[in-house]
Amino acid sequence: MTSAISVTDLTKVYGERSALSHATFEVPLGTVCGFVGPNGSGKTTTIRMLLGLITPTGGTGTVLGESISHPERYLPQVGAMIEGPAFYPGLSGAENLKVLASLGGFPKERVATLLEKVGLADRGGSKYKTYSLGMKQRLGIAAALLPNPKLLVLDEPTNGLDPSGIQEVRNLIKDLASEGTSVFVSSHLLSELEMIAESLVMLREGKVLFAGRTQDLLAAQLATLVAEPEFSVDLNKLVDIAIRHGREASVEEGTVHIVADAEWGATFNRLAFNAGITLSALTATQATLEETFFEMTGE
Amino acid sequence: MFNVMRAELRKLRRPTLLVSTILVVAALTALFTSIVYLRANSGQGNGQRGEIISPAILSQAAGLVYGFKIVSFFLGITALCVFASQTAQEYTLGTLRNLLVRQPSRMKILSGKYLSMVIFAIALVTIDALVAISVSYGLAPHAKVTTTAWFTSTALSLLGRTFINVLLTTIAFGTFGMILGLLFRSPISAISTGVIWSLILETILGGVVSSTQKWLPGQNFDNIAQGGSLTVSYKWSMGISAAYLVIGFTIVALLFKRRDVAN
């Protein structure tokens, strides 16, 4: 088994509407995989199918080497938080975790450890309905960690968390991955995913746009050189130089943006100098995951 | 299944639910039993549907359980509400997905839930029995009821049989509530439908067309606790109740097993 998750042609159709269409991707074992896509792109539908909550209309899949048509074979080793945390408001955080521990047959001693791990040790006895959104989210993460999972599936785990909470979740995911846990995490915080996800699955309108290594996705995006001349009258001259040398270029907010990798920067600088233009700044930028996402999804 | 049952019991024993249900059951039992004894010498109706239960009747072996079984209908309605809300709230709170991730066998979830609710029903009926017997014993001298026959083997055997019958009635109403909970997936809809049907519609239907009493589920459930009536036998009520509940439960269990959990 080399994949934590592997799906082929996975499809879910509701009436006339296709929520997921022939999705094929793999999540390598022991890695963090980001799951991104605009709202309504089919992320949650996919997660629900992986967890046996809904039945696929077509296609096949495996989780931890077991077919998704037999979730009872792999779910004891899977931790999940789907569509935000959902607990019993009249029970305390600790009681809620004990309900799930009883259900899964997990030792109740883990409850205190996990509350400590997610920073809720002092509020474990308070009723869930008194929790803030961030605390609810932390409890959801603690619940997902109950089985000491080999695979952790998290749907928007940082929703409602403050910056330090987001950082804690990021570190938690990193720690889990370093211990060999595979993490499949959907998030709208693409900058966060860029920092932790070794691989990515990108969806749009129920179709997989990209599935593979994050570095490969980013590397496939052309870099941009941003040049700022000493005098703004030279902006259009710089654009002409770039175009004459086969590059796409445009003026944006007082700078010239040229589609070219960093290595062409020296050549461009020389060309500008030869044309009598002094550059006050020249920087090479690589597209971020967020920019790549917007470009690919057309959002 | 037993893991599910343990998890469910943990939810059912939360003070807000447990204490309030116990208080309601104890209060209703004490109220109805008191009415039977305090009005025993009035010559007016002090039993179900205006029935006159005289001190002479209460002094018999069956007098011990009269107060106990008179409240069976309300005990059933309480169980209907608890069973319906405990089942339907999993949908409205979104907690069903947590349960199914931790226990993917939906039939085990259903069985464990049912088992825990049966235990809860046993607790309710036990409280009902204890309160009814205590109040009966306490008010017997005031109503000029002699209690000698209450401590005979006949009375104790009657107590055991009534306990089982009241328990069956409570479980039947509770199962009806669970069916409605699984069907409507909303506590408010399930409870209001169950209560309006059992408490209002069946009473009106049974009152207007008395022949329908034989077919009405709520009337038959309650008839089990009473050990049968002059018009509908105990055996008939047991059979028709079992048929309604088995058919209803099978349909919702299949729905529960096959339905996508999309919330």
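The following paragraphs go through the contact between two chains, a helix pair in chain B and a strand pair in chain A. This is a predicted model, in which local features need pLDDT of at least 70 and side-chain atom pairs count only at pLDDT 80 or more, while totals for chains, interfaces and linings use all residues. Residues are numbered from 1 along each chain as its sequence is written, and chains are lettered from A and ligands numbered from 1 in the order in which they are written.

Between the chains, 25 residues of chain A are in contact with 23 residues of chain B (C-beta atoms, placed from the backbone, within 7 Å). On the chain A side, helix H2 (71–74) and helix H3 (93–104) each supply at least two residues (helices being DSSP runs of H or I with at least four residues, strands runs of E with at least two, numbered from the N terminus). The largest share, seven residues, comes from H3(A).

Within chain B, helix H7 (residues 106–139) and helix H11 (residues 234–258) pack at an angle of about 135°, their axes 9 Å apart (axes are lines fitted to C-alpha atoms over the stretch in contact, and angles run from 0 to 180 degrees between N-to-C directions). H7(B) and H11(B) are therefore oblique to each other (neither under 35 degrees, nor over 145, nor 65 to 115). Their contact is made by Arg106(B), Met107(B) and Leu110(B) of H7(B) together with Ala253(B), Phe256(B) and Lys257(B) of H11(B).

In chain A, four bridges join strand S6 (residues 78–81) to strand S7 (residues 151–155), and the two run parallel; the bridge partner of Val78(A) in S7(A) is Leu151(A).

How values were computed. Two residues are in contact if their C-beta atoms, placed from the backbone, lie within 7 Å. Two strands pair if DSSP finds at least two bridges between them.
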